[in-house]
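The following exercises invite the reader to examine a protein model step by step. Each task is followed by a worked solution.

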Amino acid sequence: MKLDLCYNNFDFIIIKDSKLSYKILAKKEICPNQYEIQIEAPYVVRNAKAGQFIIFRATKDGERVPLTIADVDKENGILTLVFMAVGYSTKQLAGLNVGDELADLVGPLGQPTHIKKYGTVVCLAGGYGAAPCYLIAKAFKEAGNKVYMIMGARTKELIFWEDKMKDACTELFITTDDGTLGEKGFVTQVLERIMNNEKVDYAIAVGPMPMMRAVANLTRDKGIYTEASMNPIMVDGTGMCGACRITVGGEVKFACVDGPDFNAHEIDFDEVINRTKIY
């Protein structure tokens, strides 16, 4: 008997005796050591929304690893993930090929990004944080917003999905630390320029903790509601283990069930960064 577990709005749906498999349908290296894979996962993508994530195990004895959903093809039941092969499990995943199957995959998990018509929206993506920003920007644009996307990376080799991002937003900006592509510098300098030129109604940052904290500090004085997609250490993804706890507005929250998106102005980033260094 094989059990397939789907998660949607905190309700578990268990399908018994299913013949589902999480087969890899396509795989490519889009940046050095960074991969895009497409997986057959119809029950996951059926309810998936922008900002949510999944947890996978590459092998039966592998560890559980969360990855934010990068794209979905609901008609064909295909899930797209983007990841960097840096740890044991992501290297395991990178070692699989087209036709191979993941041991299991659970999702969609977490709360979707709060999509509505704000007016002018800025999505800031740092490094591989660009992957979930594609669906987020696309959803905001479809909701009638003017959407600016700012992608940042150390160098041009780490920028990916440039054409997809252009389609998902109203205008795309690219920054690189070394100036090899787009504007030399950081995403925050482009954000500051946009804020000085027009009214921004909402901002969301996805990427490294220092980058998201810098965005929050920049928008706080402007009174721009800003959310950050948090990616702390996570184990079960259902709020039971407590590994992903963070402090938001003086209260303990769990990134896996309460988030991953939170009011960036209320997040204790110092605490999150210090806890991450422990592991």
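Is strand β4 largely enclosed by the rest of the structure or open, and how many of its residues are buried?

**Solution.** The model is a predicted one. Residues count as buried when their relative accessible area is under 20%. In β4 (34–40), five of the seven residues meet this criterion, so the strand is largely enclosed by the rest of the structure.

**Exercise 1. Determine the sheet to which β4 belongs and describe its pairings.**

*Step 1.* Strands of a sheet pair through backbone hydrogen bonds, either parallel or antiparallel. Here, five strands form an open sheet in the order β7-β8-β4-β3-β9, with antiparallel pairing. Its edge strands are β7 and β9, each of which pairs on one side only.

*Step 2.* On one side, β4 runs antiparallel to β8, to which seven bridges join it. Two positions illustrate this pairing: E40 stands opposite I78 in β8, and the bridge partner of Q38 is T80, also in β8.

*Step 3.* The pairing of β4 with β3 is likewise antiparallel, and it extends over six bridges. In this pair, E29 has Y35 of β4 as its bridge partner.

*Step 4.* The hairpin of β3 and β4 has two residues between the strands. N33 takes a positive phi there, near 65°.

**Exercise 2. Identify the buried residues of α2 and the elements against which they pack.**

*Step 1.* The helix α2 covers residues 88–95. Within α2, the buried residues are S89, T90, Q92, L93 and A94.

*Step 2.* An α-helix has 3.6 residues a turn, so residues three or four places apart point the same way.

*Step 3.* The buried residues of α2 pack against six named strands: β3 (22–31), β4, β5, β6, β8 and β9 (101–102). Among them, β3, β4, β8 and β9 belong to the sheet of Exercise 1.

**Exercise 3. Describe the pairing and the burial of β16.**

*Step 1.* Strand β16 comprises residues 225–229. Its pairing with β15 (residues 202–206) is parallel and spans five bridges. Within this pair, V206 is matched with S229 as its bridge partner in β16.

*Step 2.* Four of the five residues of β16 are buried, and the strand is mostly covered.

**Exercise 4. Establish the surroundings of G51.**

*Step 1.* G51 is located in the loop between α1 (42–45) and β5 (53–57). Its relative accessible area is 3%, so G51 is buried.

*Step 2.* Apart from neighbours within four places in sequence, the contacts of G51 are T68, Q111, T113, I136 and P260.

*Step 3.* By contrast, K222 lies 171 residues from G51 along the chain, and their C-alpha atoms are separated by 25 Å.

**Exercise 5. Determine how many disulfides the model contains, and explain the result for C31 and C256.**

*Step 1.* A disulfide is a covalent bond between the sulfur atoms of two cysteines. The cut-off applied is a pair of cysteine sulfur atoms within 2.5 Å.

*Step 2.* For C31, the closest cysteine sulfur is that of C133, at 15 Å, which is too far for a bond. C31 is buried, at 3% relative accessibility.

*Step 3.* For C256, the closest cysteine sulfur belongs to C244, at 3.7 Å, and this is also too far for a bond. C256 is buried too, with a relative accessible area of 2%.

*Step 4.* The count of disulfides is zero.

**Exercise 6. Characterise the two largest pockets by volume and lining.**

*Step 1.* The largest pocket has a volume of about 1,500 Å³. Its lining has 48 residues, and those closest to its centre are Y128, G129, G207, P208 and N231. Elements giving two or more residues to this lining include β8 (78–84), α3 (130–142) and α6 (209–220).

*Step 2.* By class, the lining of the largest pocket has 27 nonpolar, 17 polar and four charged residues.

*Step 3.* The second largest pocket holds about 150 Å³ of space. Its lining consists of A48, K49, A50, D71, V72, I115, L135, K138, A139 and E142. The greatest contribution comes from α3, with four residues, while β7 (71–73) supplies at least two.

*Step 4.* Six of the residues lining the second largest pocket are nonpolar, four are charged and none is polar.

Technical notes
Residues numbered from 1 in each chain as written. Predicted model: local features only at pLDDT ≥ 70, side-chain atom pairs only at ≥ 80, totals over all residues. Heavy atoms only, no water. 1 Å grid on protein atoms, 1.4 Å probe; cavity = no way out; pocket = protein on both sides within 12 Å on 5 of 7 lines; lining within 4 Å. Points joined across faces, edges and corners; volume = space filled by probe spheres on them. Nonpolar A, V, L, I, M, F, W, Y, C, P; charged D, E, K, R; others polar. Buried < 20%, exposed > 50% of the residue type's maximum accessible area, 1.4 Å probe, protein only. Contact = heavy atoms within 4.5 Å. Pairing = 2+ DSSP bridges.
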